[in-house]
Amino acid sequence: MAERNDLIIRFGGEGGEGVISAGDMVSQAAARSGLEVLTFKTFPAEIKGGYAMYQVRFSHEKILSEGSGFDVACVFNNEALQANIKSLKEGSVLIYDFPGGDIEEEQNIPGVTCYAVPMGKLAKEEAGNYRSKNMIALGAVAELFSISRDGIRGTINSKFGKKGQDVVDMNYKALDIGRDHIRNNYKKTDPYKMDSGTPQEDMVVMSGNEAIGLGALIAGCNFFSAYPITPATEVGIYLSNQLPKFNRTLVQAEDEIASLANVIGASYAGAKVMTGTSGPGVSLMQELIGMASIMELPVVIADVQRGGPSTGLPTKHEQSDLLLAAHGCHGDASKVVISPEGVEDCVYLTIEAFNVAEKYQLPVYILSDGSLGLRTSSMKRPDPSKVKIVNREMYKKTNGDSYNRYALTESNISPMVHPGEEGCAYISASLEHAESSAPRYTAENHTAMLDKRFNKLVDLEDFFPATEVDEQEGATLGVLAWGSTIGTLREAIGIVRKEGLKVSAMYPKLVWPLPEKAMKPFIEKYDKILIPEINKQGQLAKVMRGEFNFEPISYTIYGGLPFTPQMIADKIKEVI
Ligand code: COA
């Protein structure tokens, strides 16, 4: 039996049946055994009911995206079977709840290896609790694909330990019942087997949302305020566990407006601050984002995008807040938008977001998305001693000096003071102000202050990590993507190059203001520029068209799911 280097297992079932727990546990166990993992989950907005799906991709090598399709489907009910049956292909494996559940017939699908596991029935009759249905399934999956039983027992203990030892024991028992069902009834006939990798001490598994929290911690964030909102809530949950350990503060506010107002106030007082939300929350925050911009206060806003507009599709994936982040807000408000590609990037680019906010004294978005925020992935443990931390420039008082909070300086950055510093009183107001901070509405003053607030970003592209370009000699097509679509694009580029096509790619993480020095030569060099993104309007394509006056090929999908690498590869082939 050939050992696979890459395997995708998809769990599907009803929300409330423990699909998410099963997926989480198998991914944790595999990661602890030294495999690389990357997960994708999608579930309904309801707490119970509706189709929930959790997909785990395992590999011995670095994983860049959710992948194309799946190899194994483990379905807990008929709805999940129907949702996935059309995607089963020659060589796929199906594990399904039969008999005893709502799947009425034994499955015999040509080319597909089918394992019937009466998950619900065994849970009820042998494990003694229907709740353990997901562990019966997990026992079967672990047995079939060589996923460490001890590893899964470890995750049962850590996940359900707080529910009591009897719950843990019931789940251990169910795990073994699932395993025995396969051992007693089947001889494995499918070709898949994922042997463990080499466990590495310095690997950690975390979600994109947790990674944003970790990045904030490393950057020195000492004040976080947010109002819970799917899919961003977990940023706050992570920080609520971590910040108190370091004697730092978290405030759960009554809404998003209050959250941002809290962090603006804390930033004024000298704290390094962040709020976390999703699109609807960012919509509410617009007036205050303008206020942070005109007051020149460093603020980081983590926006984990979801399907919109309005409450839209809270649990579904979309990249549709770029226009809002870049162009939202009345008046001319300077701000920066940074978008990470993967979980590890969420750590390091959140640190960069703090650095940019502190250096340039303005609101900075870290624009993540639902797929990335909820995804768990393995990565090398970050080493805080190896990152660059930038803090705001503070005013150094010299004798006889009078302090001007909004002093017009050569760099356009005005040193700050802590409120209450002797002889440095100023007004931090949202009204246009003179250098002293006193309100002033003259044409000359507004012009000078607006110029200052935008011109201070003149060296941003050099301050920020360089935009990555992967060019190929002889290519006539350049492709660029943003956010978590970058990982998918990297894989797509690999696919088409293997087939002999020539194509170049760019992976921008600074998405507003656009990194002109990197982007312009790239755009000018290629006959065609293709931009795949997950929104209706082709938002990055629109922004780039406006900035650089050229005609990109916009490739958009907006069905609540990410691209697969194959979809982008097919589009590249079509365009070439
Ligand atoms: N033994 C004991 N408990 C178990 C178990 C087992 N074998 N398997 C699962 N559970 C528990 C889980 O611990 C969890 O309990 P908790 O709520 O105390 O943490 C619960 O059963 C649900 O299981 P889980 O695996 O986490 O989720 P699921 O696959 O059943 O799906 C969701 C449920 C995630 C779809 C649903 O609860 C949800 O959160 N929906 C989204 C809501 C939302 O964000 N809406 C948008 C609002 S704007």
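Which polar backbone atom is 2.8 Å from an oxygen atom of the ligand? One such atom belongs to V19.

## Basis of the model

This is a predicted model, in which local features need pLDDT of at least 70 and side-chain atom pairs count only at pLDDT 80 or more, while totals for chains, interfaces and linings use all residues. Residues are numbered from 1 along each chain as its sequence is written, and side-chain values use heavy atoms, with hydrogens and water left out.

## Contacts of the ligand

The contact of V19 is a polar contact, that is, a pair of N or O atoms within 3.5 Å. G18 also places a backbone N or O atom 2.8 Å from an oxygen atom of the ligand. On the side-chain level, a polar atom of N134 lies 2.8 Å from a nitrogen atom of the ligand. On its own the ligand has 960 Å² of accessible area, of which the protein covers 70% (Shrake-Rupley method, 1.4 Å probe).

## The shell and its origin

The ligand is surrounded by 23 residues, and G16, I20, S21, R131 and T230 come nearest (a residue is near if one of its heavy atoms lies within 4 Å). By class, this shell holds 10 nonpolar, 9 polar and 4 charged residues; Gly counts as polar, and Asp, Glu, Lys and Arg as charged.

Domain 1 (6–185) and domain 2 (205–380) both contribute residues to the shell, so the ligand lies between them. The domain bounds come from an automatic or database assignment. The largest share of the shell, 3 residues, is given by α1. Helices (H or I, at least four residues) and strands (E, at least two) are DSSP runs, numbered from the N terminus.

## Backbone features in loops

Two cis peptide bonds can be described. The bond from F98 to P99 is cis, with omega near -10°, and P99 is found in the loop between β5 (93–96) and β6 (113–116). W512 and P513 are likewise joined by a cis peptide bond, with omega about -10°; P513 lies in the loop between β18 (510–512) and α17 (516–525).

C329, a residue other than glycine, has a positive phi near 90°. C329 is placed in the loop between α11 (322–327) and β12 (336–338).

Key
A polar contact is a pair of N or O atoms within 3.5 Å; within protein, one must be able to donate a hydrogen and the other to accept it, and residues adjacent in sequence count only if both atoms are side-chain atoms.
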